Amino acid sequence: MPEQPELTIQGWGPTRPGDPPPTDGDLANAVPKAARRYLAKELGWSPRPTPPVAVDDITLAPSRLSDAARTVLVDLVGAENVHTDREARLRRAGGKSYLDLLRRREGDASDAPDAVVAPGTTEETAALLAACSELGVVVVPFGGGTSVVGGLAGIDPDDRPSIALDLARMASVQALDVPSSLVTVGPGLRGPALEESLGRVGLTFGHLPQSWEFATLGGYAATRSAGQSSTGVGRFDDLVAGLTLATPSGVLELGHPPASAAGPDLLALALGSEGTLGVITELRLRVRPKPLSTAYEGWSFRSWAAGLAAVQQLARHDLLPDVVRLSDPDETRANLLMADGRGARALRGSLRLRGHREGCLLVLGWEGLPTIVRARSHAAAALLRDGGGIKVGRRVGESWKKHRFQAPYLRDTLMDAGLLVETLETAATWSALPNVYDAVRRALRDSLTRQGRRPLVMSHVSHGYPTGASLYVTVLADRDDALPIQQWLSAKRAATDALLAAGGTLTHHHAVGADHRPWLEREVGPLGVEVLRAVKERLDPKGICNPGVLLPD
């Protein structure tokens, strides 16, 4: 398989063998002293070494793939593209949620596939799926391995052998139609490689989630991803003009740009299907000119309510920027402490003097033609000032842009020091969002507070719409070393029940996976679940396509 940057087996980075990670794993170097003191006081946490077991000590069961099944797979894709070795299987054992990492750090790789198989074309993929359907072998598509909702667990109620269908051989730019602003790509292509290719001809795709360094285009499509610039350029599903879906029953060619009214949109059915209907083998994506001007800036608001009201005003007047990120007081305080430079200390002092000691930072990013960027940012500034906002300059915005992919690396270091570190997300209308925010925070605090120890619950709005916004929540707590998995499962259950009851969506961009599927019926209804089951039954009658996700038991 072609060599690509890979995540580590028990964490996020480094990116390539031999590359230094963004931090050296030492808490003192990764987290400034002021931030460490704040976390210790806030959480009742005493840093302690809780390193993962050695990779060589991870328990991996023998492959259950039969010799007969292996022979069939080898005949289809070649022996060099069928792997049952320990390294290949471990690297495709689950995703990168807190629970995924906990299990592998404790030496548990029970979710590892029995083999890794890498087809190179749509035809090979379709033949592979048909063969696995006959053989009774479960197929889990694997792109970058960045799922944070159990999307790669490979759970099967019949406990059949499973393979990870690796997309790495389908990772090229296949065609570029510049006049139509369309690019055709393989599902295994990573974001940086696509941007590099498009940049040579003055174009960009512009979809940059936090997993951008590793996640694949096929994974974005299968989960209906949202990127950090999605407020401006759209979510991933907005940028898909068409795709090819290989299923055990045949191949579907979906989407006819620029637009069609030929019945219900089957393309939308494939987007977000999470590998349950088949494997996406080709994508046709909408691209745009590379921006000639970019401007990132920071604003401060006295309160969360004032910041939300200001962003809502931008949405109402069609002045939302390409990037919008409003942090609540807890996240603002933590971010300023993590910065810990002379500039950050000066900013904290300035905000205190202006009455924004417990305020909220808002990061805005503008991209496009210089005249348009200036016009949009100036018009937005007038509304923000009317809402009580104070402009704190471009340094805040540029600092966020520089460090925006660093949080998953930092999580590894914090987990090494005995912390629970996890995220969850939702979306709600502007009228429901304040109640959702309060309900989630209350549920998490009630669940994770124990014996004088309490969690730090930090939130931000990161995707704005005319009708509402997303809410992204980061949770830090002293880890229960006796029952760490149950500690988070209980908290996640409480938070999910609370956000749904308050009017939030089950997920905004992380997808359903295994973690959220018990609640899917509450969002789409019993009949909606039955419709999805009927489609799966037609395309995947033997139920081999990623059976452990999306659809509830």
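When I call a residue buried, I mean that its relative accessible area is under 20%, whereas exposed means over 50% and partly exposed lies in between, with a 1.4 Å probe and protein chains only. By that criterion tryptophan 12, at 4% relative accessibility, counts as buried, and I will come back to its ring partner shortly.

Before that, the ground rules. What we have here is a predicted model, in which local features need pLDDT of at least 70 and side-chain atom pairs count only at pLDDT 80 or more, while totals for chains, interfaces and linings use all residues. Residues are numbered from 1 along each chain as its sequence is written, and side-chain values use heavy atoms, with hydrogens and water left out.

Let me start with the strands. Helices (H or I, at least four residues) and strands (E, at least two) are DSSP runs, numbered from the N terminus. Strand 4, residues 162–166, has five of its five residues buried, so this strand is largely enclosed by the rest of the structure. The cover is on both faces, with Ser162, Ala164 and Asp166 buried on one side and Ile163 and Leu165 buried on the other.

Who are the neighbours of strand 4? Here I count two strands as paired if DSSP finds at least two bridges between them. Strand 2, residues 115–117, runs parallel to strand 4 and is joined to it by three bridges, with valine 116 standing opposite alanine 164. Strand 3, residues 138–142, is also parallel to strand 4, and five bridges join the two; in that pairing, valine 138 has serine 162 as its bridge partner.

Strand 8, residues 240–247, is likewise mostly covered, since eight of its eight residues are buried. Its pairing with strand 10, residues 279–286, is antiparallel and has six bridges, and alanine 246 stands opposite valine 279 there. Strand 9, residues 250–254, pairs with strand 8 over five bridges in the antiparallel sense, leucine 245 being opposite leucine 252, and strands 8 and 9 form a hairpin with two residues between them.

Now to the aromatic rings. A pair of aromatic rings is described by the distance of the centres and the angle of the planes. The rule is that rings of Phe, Tyr and Trp (its six-membered ring) pair if their centres lie within 6.5 Å, with planes under 30 degrees apart counted as stacked, over 60 as edge-to-face and the rest as tilted. The count by this rule is six aromatic pairs. In one of them, tryptophan 12 and phenylalanine 214 meet edge-to-face, at 5.5 Å centre to centre and 90° between the planes. Tryptophan 12 lies in the segment before helix 1 (27–30) and phenylalanine 214 in the loop between strand 7 and helix 8 (217–223), so the pair ties together parts that are 202 residues apart in sequence. Phenylalanine 214, too, is buried, at a relative accessible area of 1%.

Tryptophan 304 and tyrosine 437 give a contrasting geometry, because their ring centres are 4.7 Å apart with the planes at 25°, and the pair is therefore stacked. This pair links distant parts of the chain, with tryptophan 304 in helix 11 (residues 304–316) and tyrosine 437 in helix 17 (residues 433–448), 133 residues apart.

I turn finally to the charged side chains. A salt bridge, for our purposes, is a side-chain nitrogen of Lys or Arg within 4 Å of a carboxyl oxygen of Asp or Glu, and by this rule there are 29 salt bridges. In one of these, aspartate 478 and arginine 48 meet at 2.9 Å, N to O. Aspartate 478 lies in strand 18 (residues 468–478) and arginine 48 in the loop between helix 2 (33–43) and helix 3 (67–77), so this contact ties together parts that are 430 residues apart in sequence. Aspartate 478 is buried at 4%, whereas arginine 48, at 21%, counts as partly exposed. Both residues belong to a network of salt bridges that links Arg48, Arg450, Arg453, Asp478, Arg479 and Asp481.

Another salt bridge joins aspartate 328 to arginine 441, with the closest N and O atoms 3.2 Å apart, and in this case both residues are buried. Aspartate 330 and arginine 333, by contrast, form their salt bridge at 3.1 Å inside helix 12, where they lie three residues apart, about one turn of the helix.
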